[in-house]
Amino acid sequence: MSNEAVQTEQRRANLAAIQALGVEIYPHEFATTHTVSALVDTYDETPGEALEATRVETVTAGRILGVRSFGKAAFLVLSDGRQRLQVYLRKDALEARDYDLLRLLDMGDWVGVRGHLFRTKTNELSVWVSGLTFLSKCLVPLPEKWHGLSDVETRYRQRYLDLVVNPDTRRVFEVRSRTVAAIRTFLTSRGFLEVETPMMQPIAGGALARPFVTHHNALDMTLFLRIAPELYLKRLTVGGMERVFEINRNFRNEGISTQHNPEFTMLEFYWAYVNYQTLMAFTEDLLSTVAREAIGTDEFPFGEHTITMRAPFRRLSLREAAAAEASRKLGQTITAAMLRDRDAAAGVAAALGIEVHAGSGAGRIATEIFEALWEDQLMQPTFVYDFPTEVSPLSKQRADDPDTVERFELYIGGFEVANAFSELNDPDEQRRRFEHQLQGRAHGDLEAHAMDEDYIRALEYGLPPTGGEGIGIDRLVMLLSNSLSIRDVILFPLMRPRD
RNA sequence: GGGCCGGUAGCUCAGUGGUAGAGCACGUGACUUUUAAUCAUGUGGUCGAGGGUUCGAUCCCCUCCCGGCCCA
């Protein structure tokens, strides 16, 4: 029999013995007066004399993560998933049945204790236990107490084990929760209305990506998991919701990497009457505020870097930055104007060893040159602005330059965190953009945007001048929690089944 | 999809073409202030899966599975 099976059998025998004591082995509730965290947070600095003087009585509970057992006494370490607290049990302070129960406990079991706070000889805050309650059994041995669980595959597949033994994992998801809460507060306090729009859409629009496909049986209808909520949120702006946002999941049927999970969480917000310049300033304010509220500072480590999330962020014009870096790399003068010419841009890309698709125009080539040359240099917050119209089918053109749209992407930590633009609200121009996308689709571009007649119809009712932005929540949390893989900020990242 | 790396006890990891190792965990005994408790002692293995080479494979070769990192 395997070691694990032996240990499970022993634990089951202990459970049976506990039941034989007349103890309820799966009780329905346990009324605590404090969580372990509350006790630690409140009394961690309180001296032993003060604890004796006030005699703090408590009832608390947690999972046993440490056992130091003596002949007629024991220390248990209880965890509430966030903090750990030592409790002290001794035979002469317990009723006989509680002492019998103590001897049948295993690492990982859930228990409740009643007692008062004190400090041990070594000055550790502890509970002097006068009553012990069994709450639930751990039938399987836990990972090792000192090294914890480091096998990343097991950490992702059995996240609960990661959470039990690795306190840092819990902290990452606390940062995530505070990040989302801070964003909600920031937006709602500025008059934005939170909404929910369809996750299943008849046309997967609002971004350039391959969708997941599903089917509705009763309506006998193909549906796509959304790749973005954008077109629905703008319909709401047509309807008069002048400030609106959604925080929810998007799904993209593409590769998995340290920065991509097939489902990921996005904030999108739309703000009537403003343009992308206003959004840049707003984004600086939003992100620095969220950082301070989520982690207490707007300057934080990310890998080997220290990121300063404080206004003003650096600003780079896409074609100018691409041209400047290409000039430096190639040792010859490349101008932004050259990147507007298809043949010249393709020549620059070829010289740089960047592959160009046959269907790509100058705008797409310029964008690919920029990404290839700059992406991993964009550690500090940087707005990359003025994208080519060709790669931006939903953005509004600059009044003075129809080949360029009022759009920016925000890069931090070497990857894209936000994407924003002045929204295209001319329905006729939108139709032309969709038609151009359809040409790309006809040439095999699986990410080209589909025609959406219903959306154009909504635009025909009139979308006011509007600025809109999407912010990748997972990537923002990666930055704020110093996590180098998106899988470390998603509780249950997609994994292939093991069998 | 390509390249590189990994998969050995519940966990963290060594290791070798010839009986499979350590620490933690677990069992037993001792111990009423320890904290990676200690001391003594013992149990525990589909060496990711399949095939091949070999007298003999966890080790060498091939295929596959799972994961990580990088690239596209």
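# Close-up views of a predicted protein–RNA model

**Figure 1. The protein surface near RNA strand B.** Helix 1, strand 1 (57-69), strand 2 (73-79), strand 3 (84-90) and helix 5 (152-157) each contribute at least two residues to the surface near RNA strand B. The model shown here and in the following views is predicted. By residue class, this surface near RNA strand B comprises 15 nonpolar, 14 polar and 14 charged residues. Among the 43 residues around RNA strand B, those that come nearest are Thr122, Lys145, Glu153, Arg487 and Arg496. Of the atoms of RNA strand B that come within 4 Å of the protein, 61% belong to sugar and phosphate.

**Figure 2. Polar contacts to the backbone of RNA strand B.** A polar backbone atom of arginine 496 is 3.0 Å from a phosphate oxygen of RNA strand B. For lysine 72, a polar backbone atom is likewise paired with a phosphate oxygen of RNA strand B, with a separation of 3.5 Å. Serine 150 uses its side chain: an N or O atom there is 3.2 Å from a sugar or linking oxygen of RNA strand B.

**Figure 3. Helix 1 and its buried side.** Helix 1 spans residues 3-20, 18 residues in total, and its first and last C-alpha atoms are 26 Å apart, close to the 26 Å expected at 1.5 Å a residue. Thr8, Arg11, Asn14, Leu15 and Ile18 are the buried residues to be located in this view of helix 1. They lie on the same side of helix 1 because they cover an arc of only 120° around the axis. In general, an α-helix has 3.6 residues a turn, so residues three or four places apart point the same way. Glu9 and Ala20, on the other side of helix 1, are exposed. The cover over the buried residues of helix 1 includes helix 4 (96-102) and strand 5 (125-136). Glycine 22, which follows helix 1, has a positive phi near 90°.

**Figure 4. Serine 79 in strand 2.** Serine 79 is a residue of strand 2. Its relative accessible area is 6%, so serine 79 is buried. From the side chain of serine 79, a polar contact of 2.9 Å is made to the backbone nitrogen of glycine 81. Beyond its neighbours within four places in sequence, serine 79 is in contact with Gly62, Arg63, Leu65 and Arg84.

**Figure 5. Threonine 179 in helix 7.** Threonine 179 belongs to helix 7 (residues 167-188). Its relative accessibility is 0%, and threonine 179 therefore counts as buried. The side chain of threonine 179 reaches back to helix-backbone chemistry at valine 175, whose backbone oxygen is 2.7 Å away. When residues up to four places away in sequence are not counted, threonine 179 touches Val290, Ala294, Leu476, Val477 and Leu480.

**Figure 6. Helix 8 and its packing partners.** The buried residues in helix 8 (residues 230-238) are Glu230, Leu231, Leu233, Lys234, Arg235 and Thr237. Against these buried residues pack strand 10 (243-251), strand 11 (263-272), strand 19 (415-422), helix 14 (453-460) and strand 20 (466-472). Glycine 240, just after helix 8, adopts a positive phi of about 105°.

**Figure 7. The two ends of helix 9.** Helix 9 (residues 276-295) has 20 residues, which should span 28 Å at 1.5 Å a residue, and the 28 Å between its end C-alpha atoms agrees. At the N-terminal end, helix 9 is capped by asparagine 275, a side-chain oxygen of which lies 3.0 Å from the backbone nitrogen of glutamine 277. Just after helix 9 comes glycine 296, with a positive phi of about 85°.

**Figure 8. Backbone geometry in three loops.** The loop between strand 13 (305-308) and strand 14 (314-317) contains proline 312. The peptide bond that joins alanine 311 to proline 312 is cis, and its omega is near -5°. Asparagine 123 is located in the loop between strand 4 (110-119) and strand 5. Although not a glycine, asparagine 123 has a positive phi, near 70°. Aspartate 386 occupies the loop between strand 15 (382-385) and strand 16 (397-398). Aspartate 386 is not a glycine either, yet its phi is positive at about 65°. With 8% relative accessibility, aspartate 386 counts as buried.

How values were computed:
Residues are numbered from 1 along each chain as its sequence is written. Chains are lettered from A and ligands numbered from 1 in the order in which they are written. This is a predicted model: local features need pLDDT of at least 70, side-chain atom pairs count only at pLDDT 80 or more; totals for chains, interfaces and linings use all residues. Side-chain values use heavy atoms; hydrogens and water are left out. Helices (H or I, at least four residues) and strands (E, at least two) are DSSP runs, numbered from the N terminus. The expected span of a helix is 1.5 Å times one less than its number of residues. Buried means under 20% relative accessible area, exposed over 50%, partly exposed in between (1.4 Å probe, protein chains only). The arc is that of the directions from the helix axis to the C-beta atoms. Contact means heavy atoms within 4.5 Å. A residue is near a molecule or strand if one of its heavy atoms lies within 4 Å of it. A polar contact is a pair of N or O atoms within 3.5 Å; within protein, one must be able to donate a hydrogen and the other to accept it, and residues adjacent in sequence count only if both atoms are side-chain atoms. Ala, Val, Leu, Ile, Met, Phe, Trp, Tyr, Cys and Pro count as nonpolar, Asp, Glu, Lys and Arg as charged, and the others, Gly among them, as polar.
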